[in-house]
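Me: Could you walk me through some of the labels used for this model? I'd like to see what stands behind each one.

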Amino acid sequence: MNTGERIARLRADAGMSQEALADSLCVSRSLVTRWENGTRRPDRRSVDMMASMFGTDPGSIAPDDPLVRAELSECLASGGPDVGSAEAVALMNEFMAGLGERERNIFLRRYHFFDRPAEIAERYGLSKGAVRISLHRSRKKLRTFLVSASGKE
């Protein structure tokens, strides 16, 4: 069962319409429809909110993608701020502000929305290779940025 099917099942089991779920999440009904039919994936905030509403674990709605986790793990400097802390959020905001618009959009599509490189390529009219190169360069920049911010070399 994919993420969209899980969302549809949880919503139906809770007796909610797509409109009611959309209102609860402050998103459009058409976005919920796209999640359920698999043309879009919910962001982490929406998954967390649905998990709370339905009394389930976020991973049961949208399992973590181990490849995404592995890609980002190379960027994390040991001894840096805890993920989700105010310091980490401020650092990520600063890093993202320093990226160009296209580079930032590609990075967000991959690591916030968990889109596959092929999906990102199609969305932006790029080759999969161009997306992978952009992601590789962004991760390298993030690693350098985090090392610099932590004062470690």
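Reply: Happy to, and here is the groundwork before the labels. This is a predicted model, in which local features need pLDDT of at least 70, side-chain atom pairs count only at pLDDT 80 or more, and totals for chains, interfaces and linings use all residues. Residues are numbered from 1 along each chain as its sequence is written, and side-chain values use heavy atoms, with hydrogens and water left out.

Me: Why are α8 and α10 called roughly perpendicular?

Reply: The axes of α8 (residues 101-111) and α10 (residues 128-150) come within 10 Å and cross at roughly 90 degrees. Angles of 65 to 115 degrees count as roughly perpendicular, so the label fits α8 and α10.

Me: Which residues of α8 and α10 make the contact?

Reply: Contact means heavy atoms within 4.5 Å. On the α8 side they are Glu103, Ile106, Phe107, Arg110 and Tyr111, and on the α10 side Val131, Ser134, Leu135, Ser138, Arg139, Lys141 and Leu142. These divide into 6 nonpolar, 2 polar and 4 charged.

Me: What makes Ser134 buried?

Reply: Its relative accessible area is 13%, and buried means under 20% (exposed is over 50%, partly exposed in between, with a 1.4 Å probe and protein chains only). So Ser134 counts as buried. Leaving aside neighbours within four places in sequence, Ser134 is in contact with Glu103 and Ile106.

Me: How do you know that Ala22 is buried?

Reply: Ala22, in helix α2 (residues 18-25), has a relative accessible area of 0%, so the buried label applies. Not counting residues up to four places away in sequence, Ala22 touches Val27, Ser28, Arg29 and Val32.

Methods:
Axes are lines fitted to C-alpha atoms, for helices over the stretch in contact, and angles run from 0 to 180 degrees between N-to-C directions. Helices (H or I, at least four residues) and strands (E, at least two) are DSSP runs, numbered from the N terminus. Angles under 35 degrees count as roughly parallel, over 145 as roughly antiparallel, 65 to 115 as roughly perpendicular and the rest as oblique. Ala, Val, Leu, Ile, Met, Phe, Trp, Tyr, Cys and Pro count as nonpolar, Asp, Glu, Lys and Arg as charged, and the others, Gly among them, as polar.
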